[in-house]
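Colleague: Please take a close look at one part of this model and describe it in a connected way. I should like to hear about the sheets and the helices that lie against them.

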Amino acid sequence: MSRHLVDRLLVGLPPEAVLTDPDITGSYANDMASFCPAGTPAAVVLPRTVEEVQHVMRTATELRVPVVPQGARTGLSGGANASEGCVVLSLTKMDRIIEINPVDRIAVVEPGVVNAALSRAVNEHGLCYPPDPSSWEMCTIGGNIGTASGGLCCVKYGVTAEYVLGLDVVLADGRLMTTGRRTAKGVAGYDLTRLFVGSEGSLGIVVRAVLALRPQPPQQLVLAAEFASGAAACDAVCRIMAGGHVPSLLELMDRTTVRAVNDLAHMGLPESTEALLLAAFDTPDPAADLAAVGALCEAAGATQVVPADDFAESELLLQARRSALVALEAVKGTTMIDDVCVPRSRLGEMIEGVERIAEKHRLTIGVVAHAGDGNTHPTVCFDAADPDECRRARESFDEIMGLGLELGGTITGEHGVGVLKKEWLAREIGPVGVEMQRAVKVAFDPLGILNPGKLF
């Protein structure tokens, strides 16, 4: 089958677009998640055109071969992991920014465009594309759409789903479908665009996206507030949000994370703190907003409140936050990164619960959070060569997801379900929810060849 498959692929693809060397194809087997099984691809295809993607899907349908779409493989749930004998469809070569329209405030892009590259391109037109995952220098727009990813600025600007206006999608049988619109408004028919956002490549292959843009805001100023406990920092978050403030960023790092960042990058963050809260404003008068938020932090028990002196110092603080997950990985060599999102009002309970779980399992668990929207990333640090530590890591990871559901939250705020959390998806949405989602999957992919084994 493998030779026949490759021969059929080569009918509509140039030889350099079809990779079969096991030493090369094996490097496409996994994303960045731990504890997620992956198979061996039969081939890796790197198309450059929509027609080439259509050819791959027609061939896969004819031969009943699974197809796993991939972007930059920066995902954290195993959603891009290869299935045994599959065609990995890497979309990184489809990386054109087709259009930037300042009047309509849209960009039309291919799925392989890197998030940061798009951001810089639209900045030149006085516009911005707000979704900014921590991996924004590597991750692709197609991957962002597949996982409905978020980022640091979601507290003010929202997540990827709110910026995807329309899509071109190659379906499982190779047909091309256009969803959504280019207009500022539009309610014609079912919102299939939103259905594809977050579907993790299980319903179709996104080959083009129409994205909403915003006017570029002023540069943001950042404030750092130290707290003697995570609970006090979470109280400050509640006070800020209840007070009607709209920060452009509101992030929390616990003591473990702060020390890990300092060890990795020598940032000089205060290691005496139990929790560090970063708040930012990109308003016309950010200093005044930071002063108001600083007062609320002090009222919540902050031991020190330090506004950044300038934009350069603010950027250093943001770099420290962006490096948090890489720094935590360096603690023991391997991490499992939870993605539990809870109501902001219960964020303190979530932080305290994670501390209890870490103590119970005798593990280092650093917590970094998009505190402004309740999205926590408890990061379990462990030695992958220690079987007992691996077991405890997996158990703690599951207990953290269970805690999130108990607090009225969700198992994933922005990383997706993939392989890592699929048993937990059923617990969250229930049997009727699973039944209806399976029915949607069958409607779009009756043969079940698109990213099989993911979600449920």
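Modeller: Two strands are said to pair if DSSP finds at least two bridges between them. In this predicted model, five strands form an open sheet with antiparallel pairing, in the order S5-S6-S10-S8-S9. Its edge strands are S5, residues 97-101, and S9, residues 176-180, each of which pairs on one side only. On average, and with direction ignored, neighbouring strands of this sheet are turned by 10° against each other. At one edge, S5 is joined by four bridges to the antiparallel strand S6, residues 106-109; here asparagine 101 stands opposite isoleucine 106 of S6.

Two helices may be described with this sheet. Helix H3 packs on the sheet and touches S8 (164-170), S9 and S10 (205-212), its direction making about 140° with that of S10. Helix H4, residues 115-123, lies across S5, S6 and S10 and runs at about 35° to S5.

Helix H3, residues 50-63, also lies across strands S2 (43-45), S3 and S4, running at about 165° to S4. These strands lead to another sheet, an open one of four strands with mixed pairing, ordered S1-S2-S4-S3. Strands S1 (18-19) and S3 (67-70) stand at its edges with a single partner strand each, so one side of each has no neighbour in the sheet. The partner of S3 is shown by its bridges: four of them join S3 to S4, residues 87-90, and the two strands run parallel. Within this pair, proline 69 has leucine 89 of S4 as its bridge partner.

Note on methods
Residues numbered from 1 in each chain as written. Predicted model: local features only at pLDDT ≥ 70, side-chain atom pairs only at ≥ 80, totals over all residues. Heavy atoms only, no water. Contact = heavy atoms within 4.5 Å. Axes fitted to C-alpha atoms, helices over the stretch in contact; angles between N-to-C directions.
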